[in-house]
Protein chains: 2
Amino acid sequence: MDQRISAVTLGVDDLDRSTRFYTEGLGWQQNGGEKGVIAFFQLNGFVLGLYDAQMLADEASGGARGSGFGGMALAHNVTSKEAVDDLLDQAVKAGGQLVKAAEEVFWGGYSGYFADPDGHRWEVAYNPYWPITEDGRTLLSAD
Amino acid sequence: MDQRISAVTLGVDDLDRSTRFYTEGLGWQQNGGEKGVIAFFQLNGFVLGLYDAQMLADEASGGARGSGFGGMALAHNVTSKEAVDDLLDQAVKAGGQLVKAAEEVFWGGYSGYFADPDGHRWEVAYNPYWPITEDGRTLLSAD
């Protein structure tokens, strides 16, 4: 298995609401999908999909619905502490929920968490040890 | 918010077991982390982390543990139907669970699902419409 992920799919209860959260709320651009069924976003070398939660449960879990927290978190790193605070504010204004206010964390960075309208957890972090390339890729180290 | 994800973190019950699943089982190379605490894998422009499920729950969910299916699925695309079958076989041999055998799917591809040792869902798909670049990035379209 090559060392990559091609897509992350989030189950959503209301596709329009969740799509608006990521587009109007957070400023992303939708790049494809099918109205009322699925929305695709081109990310840094892979794809984020928003997809009906029950349909995803039917496909991926034999019909058992998940809660939006299944022990998995997404992270969005930024280049300063101020940018962490700003993005958490923006997420809350867009209808997200603040799960954990940003704070200095033991590994030497600064991070907080918000939940999107379906409960999916996003960490927003300033991590001085993980470089972010000009085209938005995140690397474990500079070499 | 820039349109990218920096990391995907999977909560795991037994870090050694889960690390072996991805390394010895699926052939990935661990690129960092801290023994007994967290394992990092450099993926296609972002990072996958394996992290103690309770610690992740404390950080990301106020202590409430998730089940491993929270309405989110990861996908790994390959370039042929045979490669889908082969990878699902490999995942099961490595200790994963077959959630859905591969089949022709309505959107024109061929896909199945496995669960990793902690229940995180991976779709393995042949998607003829999403190009995979030579360096492993997945794109929504060729242009």
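**Pairing across the chains and the build of chain A**

β1(A) and strand β5 (residues 72-78) of chain B pair in the antiparallel sense, with four bridges between them. One residue pair shows how the strands line up: the bridge partner of Thr9(A) in β5(B) is Ala73(B). The model described here is predicted.

The contact between the two chains draws on many parts of the fold. It takes 60 residues from chain A and 61 residues from chain B. On the side of chain A that touches chain B, at least two residues each come from β1 (7-12), β3 (38-42), β4 (47-52), α2 (53-60), β5 (72-78), α3 (81-93), β6 (97-104) and β8 (121-126). β5(A) gives the largest share, with six residues. By class, this side of chain A holds 28 nonpolar, 23 polar and nine charged residues.

The two copies are related by a rotation. A turn of 180° and a shift of 0.0 Å along the axis lay chain A on chain B with an RMSD of 0.0 Å. This is the relation of a two-fold axis. Of the residues of chain A, Gly70(A) comes closest to that axis, with its C-alpha at 1.8 Å. Both copies use the same surface: 100% of the contact residues of chain A recur in chain B.

Within one copy, the secondary structure can be listed briefly. Chain A has three helices and eight strands. From the N terminus on, their order is β-α-β-β-β-α-β-α-β-β-β. The radius of gyration of chain A is 16 Å, and the globule rule gives 15 Å for 143 residues, so chain A is as compact as a globular protein of that length. The C-alpha trace of chain A spans about 40 × 35 × 25 Å along its principal axes. Buried residues account for 49% of the 143 residues in chain A. Sequence-distant contacts are also present. Among contacts in chain A between residues at least 6 apart in sequence, 50% join residues at least 24 apart.

Chain A is divided into two domains. Domain 1 covers residues 1-64, and domain 2 covers residues 67-143. Their C-alpha centres lie 19 Å apart. The contact between them takes 13 residues from domain 1 of chain A and 12 residues from domain 2 of chain A. On the domain 1 side, β1 and α1 (15-25) of chain A each supply at least two residues. That side has six nonpolar, five polar and two charged residues.

Helix α1(A) has a buried set of residues. These are Ser18(A), Thr19(A), Phe21(A), Tyr22(A) and Gly25(A). Their cover includes β1, β3 and β4 of chain A. Just after α1(A) comes Gly27(A), which takes a positive phi of about 90°.

Strand β7 (residues 110-115) of chain A is mostly covered, and six of its six residues are buried. In a regular strand, the side chains alternate between the two faces of the sheet. Both faces of β7(A) are covered. Tyr110(A), Gly112(A) and Phe114(A) are buried on one side, and Ser111(A), Tyr113(A) and Ala115(A) are buried on the other.

Strand β7(A) pairs with two partners. With β6(A), it pairs in the antiparallel sense over five bridges. Here Glu103(A) has Ser111(A) in β7(A) as its bridge partner. The hairpin of β6(A) and β7(A) has five residues between the strands, and in it Gly108(A) takes a positive phi near 100°. With β8(A), β7(A) pairs in the antiparallel sense over six bridges. Tyr110(A) stands opposite Tyr126(A) in β8(A). β7(A) and β8(A) also form a hairpin, with five residues between them. In its turn, Gly119(A) has a positive phi of about 90°.

In chain B, Gly108(B) is found in the loop between β6 (97-104) and β7 (110-115). Gly108(B) has 10 C-beta neighbours inside 10 Å and therefore counts as exposed. Leaving aside neighbours within four places in sequence, Gly108(B) is in contact with Pro128(B) and Tyr129(B). Gly25(B) is 83 residues away along the chain, and the C-alpha atoms of Gly108(B) and Gly25(B) are separated by 29 Å.

Terms used: Residues are numbered from 1 along each chain as its sequence is written. Chains are lettered from A and ligands numbered from 1 in the order in which they are written. This is a predicted model: local features need pLDDT of at least 70, side-chain atom pairs count only at pLDDT 80 or more; totals for chains, interfaces and linings use all residues. Two residues are in contact if their C-beta atoms, placed from the backbone, lie within 7 Å. Ala, Val, Leu, Ile, Met, Phe, Trp, Tyr, Cys and Pro count as nonpolar, Asp, Glu, Lys and Arg as charged, and the others, Gly among them, as polar. Two strands pair if DSSP finds at least two bridges between them. Domain bounds come from an automatic or database domain assignment. Copies are superposed by least squares on the C-alpha atoms of residues with pLDDT of at least 70 in both. The radius of gyration is taken over C-alpha atoms; the globule rule is 2.2 Å times the number of residues to the power 0.38. A residue is buried if 20 or more other C-beta atoms lie within 10 Å of its own, exposed if 12 or fewer, and partly exposed in between; C-beta atoms are placed from the backbone.
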